[in-house]
Amino acid sequence: MSAARVCGSSRFGLGLLALLLAAGPALADSSLPAADYANTQLRDPAKEARARDLMGTLRCLVCQGQSIADSDAEMAGDMRSLVRKRILAGESPDTVRKSLIASYGDYVSYDPPFSWLTAPLWLMPLILIGLGAWLARGSFTRRRR
Amino acid sequence: MIAEAGLAALWLAAALAALQFVMAWIGIARDRDDIMVAVRPVAFVQGLLAVLAMALLITLFVQSDMSVLLVAQNSHSDKPLLYKFAGAWGNHEGSMLLWVTILGLAGAAVAMLEQNLAKPTLIATLGAQAVIALGFYAFLLFSSNPFARLDPAAPDGAGLNPLLQDPGLAFHPPTLYIGYVGISVAFSFAVGALVTRDVGPAFARAMRPWVLGARVFLTLGITAGSYWAYYELGWGGWWFWDPVENASLMPWLAATALLHSVSVLATRDGLRAWTVMLAVVAFSMSMVGTFLVRSGILTSVHAFAVDPKRGSFILALLAIYIGGALILFALRIGTVRQGRTFDLVSREGALVANNLLLSVILGIVLIGTLYPIVAASFGVQLSVGPPFFNKAAGPVALALVAIMGVGPLLRWRRDDAHELIDRMMLPIAAAALAGAGIFIATGGIAILPFLGLMLAAGLAAASVAPLWKRNLRRTPLFTWGMVVAHLGIAVSLAGMASESAFTRETLVAARVGEPHRVGPYIVRLDGISPAVGANWSALQAHLSVRRGEDGNWFVLRPQSRFFASPPTVTSESAIATMLDGQLYTVLGAADGQGRWQLRLWWKPYVTFIWLGGGLIALGGFLSLLGRVRRERRPAYREGYA
Amino acid sequence: MRRGHEAAGMKRGILWLPLAGFALVLVLIVYALFWPADRTVKSAMVGKPLPAFSVAPMLPGRPGLSNTMFADGTPRLLNIFASWCIPCIAEAPMLLRLKKMGVPIDALAIRDTPVAIRAFLERNGDPYRRIGDDRQSAVQLALGSSGVPETFVIDGKGRIVLQHVGDIREDDIPEILAALEQAK
């Protein structure tokens with residue numbers, strides 16, 4: 001699939017370890033430090049909480065199934081920085097999520113939007129409860145009134 | 001030599017499994033007692049041979065025999081002994097062999113220990129067990145041979161993934177496998193009972209200890225896995241609704257429903273169809289789980305062994321076993337007489353609600369996990385993650401917790417709603433008190449954790465309520481088991497809600513000597529120094545930590561660790577566990593200006609999550625002990641749970 | 001009595017429901033196994049106009065990059081690359097070939113420094129007219145690109161026509177030329 005793509009997918013940062021140890025592995029990662037707000041919290045706790053909640057729902061695109069809040073990958077850090085900067089600037093989490101979806105499609109959000117395609121998914125709890133209740137009613141004694 | 005012996009043992013075991021199946025079939029079909037009698041010893045020897053094969057594989061790993069392909073691919077002579085040992089099952093082929101070994105052992109145990117079940121049903125059970133084993137033996141022998149040779153032998157191994165070099169590796173897979181195999185035994189019982197049309201209390205009593213035992217191990221396995229991921233991955237997350245995590249949760253949900261259902265069948269002769277169905281569902285979920293984590297069709301941070309060919313093999317096994325069982329179910333269950341009926345407001349009613357809600361959660365998790373495939377068939381790439389699962393399954397789970405509080409306080413067959421509310425006064429008061437307390441102390445938190453904490457308080461009160469006014473020394477062990485297990489759920493729920501609502505996070509680029517706050521703690525970076533281990537070297541941070549301005553200083557040492565074979569960097573978190581929570585610290589990268597990235601979390605009461613898990617397992621174990629002791633008493637009486 | 005029979009008939013049908021459910025799950029799994037989904041992350045911006053951006057030049061003496069520059073009537077390529085990216089080295093000869101055919105190529109350098117870029121261009125050739133400095137990947141994220149190298153075909157009005165993920169190989173060139181042709 002994306003066999004040609006090697007870069008941007010490393011989970012592990014190199015840091016100063018490569019200096020300490022003679023032969024470091026040849027990971028394809030930029031040697032620049034992380035983006036401004038990748039690992040720095042916003043000063044306003046309410047904004048930081050909103051940003052963190054949003055980060056937990058956004059997918060790291062170069063990882064094997066992690067959110068950007070849980071990933072060491074460089075690109076995840078860049079996305080975290082983007083989210084924090086925009087929340088800092090006053091945008092609502094929903095706006096930021098929508099703009100990332102505009103860039104990458106629904107894949108980037110772990111919260112699938114409600115559409116004709118995902119309607120069965122979101123309605124499944126109700127369907128299952130209804131089906132189960134109907135199946136179970138045979139077990140109950142029918143009271144004579 | 002050892003490898004060849006192991007392979008020979010494996011072939012022999014497979015042959016015996018085939019013999020076991022054929023003998024069971026003929027014995028039942030022709031009603032030949034002499035053949036049926038011979039099935040038990042065959043099952044016993046088959047189990048022994050499988051154990052021998054596994055023991056030989058472990059020997060090869062411990063000796064670091066690099067002429068065996070599996071050892072060369074997955075081990076290294078520098079590895080510490082524990083991880084050489086555990087490395088035997090830390091790979092695809094070895095873990096499949098472990099599965100088959102435990103399966104064989106379980107079959108042997110059923111053959112030797114089960115005394116109370118009607119003979120045809122027992123033999124049918126052993127036959128079903130043999131069919132399951134055969135499938136996996138075929139898988140091992142034809143597509144995943146663990147004893148394949150490497151010629152010429154490698155000079156040394158490719159090493160084990162350093163993320164798996166952890167006590168968790170030694171503990172997590174075997175526990176889960178014992179759980180899955182226990183479920184397979186329950187499945188075999190269900191199939192056996194369908195074949196001989198013997199779905200009744202006797203079959204339920206035979207099956208119950210296996211379900212209890214399996215579920216104890218599944219609980220332990222999931223709890224251990226969650227804690228392992230929590231401290232290993234370095235971000236403080238303990239559950240992500242990841243496909244592999246879901247794959248282990250689904251059998252647990254089904255096993256929990258089964259375990260309650262089988263009790264009703266054993267003591268009240270109700271819920272016959274539900275019990276058989278749940279046994280089939282539980283087994284199919286464990287097979288689906290085994291398949292999903294090895295097939296590569298879902299992306300997961302925990303997935304391993306991506307090989308589509310192996311995926312197809314397990315898929316075929318899945319289709320045959322479960323399809324066959326479901327066809328048998330549809331054909332036979334209609335002729336099984338319906339058990340007794342009961343009122344809506346009754347303990348049976350609560351247990352039906354319990355089954356129902358657990359099945360709903362199971363359905364949500366299954367469909368959520370597979371939905372990206374559905375979307376892909378329409379050409380859409382979709383991600384389904386925690387936001388969906390929390391919103392969809394969360395409320396159902398909370399409703400289930402409420403039922404869990406009410407159920408043990410209900411009478412069998414028929415009860416009165418008004419009297420019930422009287423009995424529930426204390427738990428309801430506890431929940432209300434907790435809710436008020438949280439609101440006053442915090443001024444309001446998110447709705448799901450809030451409800452979670454309230455319900456946890458109510459459930460805690462409700463779970464000990466059955467002990468009220470009882471002579472504690474004469475209370476049956478399985479009642480204690482129920483109390484402890486339900487209490488465990490309350491404790492675990494409290495931990496989850498607390499972690500979700502009250503975690504404090506501090507991310508900082510720290511200079512040496514600067515203090516930083518996280519929650520009630522002050523953390524100061526004193527320096528970075530090199531550290532060396534058996535097969536790794538690391539940068540270690542020396543953190544001085546104290547609680548508040550006047551606490552005693554203590555030290556935490558998180559590391560950034562570098563492994564040579566294969567070359568990987570991992571972060572080893574340093575965690576301080578207190579009575580009221582954990583302080584979780586991680587060392588990140590340097591920023592080139594003399595500052596080091598530190599990630600610090602204060603997680604109040606997070607340990608309750610796994611403590612609760614342990615309590616649930618303990619409760620199950622007490623129940624198992626109580627049931628087994630009761631069964632062995634000469635005069636058995638039907639009693640209340 | 002009749003009600004009992006109806007109930008029995010319905011009950012018989014229900015008994016096959018679990019098998020039907022399982023068959024459905026099996027179908028899904030077989031589908032996923034034998035027609036595996038394409039895991040490459042594609043941009044959702046294909047077919048849409050370029051997002052508004054303006055970045056500083058990476059090398060002095062060469063212009064920087066902004067979206068308005070793409071609306072001048074000529075279709076061109078936008079190459080996302082970096083000096084630390086190994087497949088970008090493999091791709092460089094193909095880009096030079098495209099340049100020789102007269103295709104204008106602009107670039108965004110991701111998380112990079114002028115020194116490293118200069119060295120890269122000296123070693124592997126320089127097919128670019130303009131190189132923008134995207135040090136914190138902000139423009140990359142806005143474009144819907146998730147790694148390096150990637151190449152976008154932009155038409156004369158500044159609309160994204162095609163996204164090529166990964167390095168450009170020899171057999172990718174016809175497709176790119178065709179897209180450029182169509183975008184005129």
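# Strands, helices and chain contacts

Reader: In which sense do strand β6 and β7(C) of chain C pair, parallel or antiparallel?
Author: This is a predicted model. Strand β6 covers residues 150–154 of chain C, and 5 bridges link this strand to β7(C). In one of them, F152(C) has Q163(C) as its bridge partner. The sense of the pairing is antiparallel.

Reader: Which strands stand at the edges of the open sheet in chain C?
Author: The sheet has 5 strands with mixed pairing, and their order is β5-β4-β3-β6-β7. An edge strand has a single partner, so one of its sides is left without a neighbour in the sheet. That describes β5 (131–134) and β7 (160–165) of chain C.

Reader: By how many degrees are neighbouring strands of this sheet turned against each other on average?
Author: Take the order β5-β4-β3-β6-β7 in chain C. The average over neighbouring strands ignores direction. The turn is 20 degrees.

Reader: Where is P149(C) found?
Author: P149(C) follows a cis peptide bond from V148(C), with omega about -5 degrees. Helix α5 covers 138–143 of chain C, and P149(C) belongs to the loop between α5 and β6.

Reader: Are α8(B) and α18(B) roughly parallel or roughly antiparallel to each other?
Author: Helix α8 spans residues 201–233 of chain B, and helix α18 spans residues 607–632. Their axes are 9 Å apart and make an angle of about 165 degrees. An angle over 145 counts as roughly antiparallel. Therefore α8(B) and α18(B) are roughly antiparallel.

Reader: How do the residues of the contact of α8(B) with α18(B) divide into nonpolar, polar and charged?
Author: α8(B) passes α18(B) in a left-handed crossing. The α8(B) side includes L212(B), V216(B) and Y227(B), and the α18(B) side includes W610(B), F621(B) and E631(B). The contact residues divide into 11 nonpolar, 8 polar and 5 charged.

Reader: Which element gives the largest share of the side of chain A that touches chain B?
Author: This contact joins 38 residues of chain A to 50 residues of chain B. On the chain A side, two or more residues come from each of α1 (17–20) and α5 (119–136). That side divides into 19 nonpolar, 15 polar and 4 charged residues. The largest share is 8 residues, and it comes from α5(A).

Reader: Which element gives the largest share of the side of chain A that touches chain C?
Author: Here 28 residues of chain A meet 29 residues of chain C. The elements of chain A that give two or more residues are α3 (74–88) and α4 (93–104). The chain A side divides into 16 nonpolar, 8 polar and 4 charged residues. The largest share is 5 residues, from α3(A).

Reader: How far apart do the C-alpha centres of domain 1 and domain 2 of chain B lie?
Author: Domain 1 of chain B comes in two stretches, 424–496 + 612–641. Domain 2 of chain B covers 504–605. Their C-alpha centres are separated by 37 Å.

Reader: How far apart do the C-alpha centres of the domains of chain C lie?
Author: The domain assignment gives 2–34 as domain 1 of chain C and 54–182 as domain 2. Their C-alpha centres lie apart by 54 Å.

Reader: What is phi of D31(B)?
Author: Most residues other than glycine have a negative phi. D31(B) has a positive value. The residue lies in the loop between α1 (2–29) and α2 (33–62) of chain B. Its phi is near 55 degrees.

Technical notes:
Residues are numbered from 1 along each chain as its sequence is written. Chains are lettered from A and ligands numbered from 1 in the order in which they are written. This is a predicted model: local features need pLDDT of at least 70, side-chain atom pairs count only at pLDDT 80 or more; totals for chains, interfaces and linings use all residues. Axes are lines fitted to C-alpha atoms, for helices over the stretch in contact, and angles run from 0 to 180 degrees between N-to-C directions. Helices (H or I, at least four residues) and strands (E, at least two) are DSSP runs, numbered from the N terminus. Angles under 35 degrees count as roughly parallel, over 145 as roughly antiparallel, 65 to 115 as roughly perpendicular and the rest as oblique. A crossing is left-handed if the near helix is turned anticlockwise from the far one by less than a right angle, and right-handed if clockwise. Two residues are in contact if their C-beta atoms, placed from the backbone, lie within 7 Å. Ala, Val, Leu, Ile, Met, Phe, Trp, Tyr, Cys and Pro count as nonpolar, Asp, Glu, Lys and Arg as charged, and the others, Gly among them, as polar. Two strands pair if DSSP finds at least two bridges between them. Domain bounds come from an automatic or database domain assignment.
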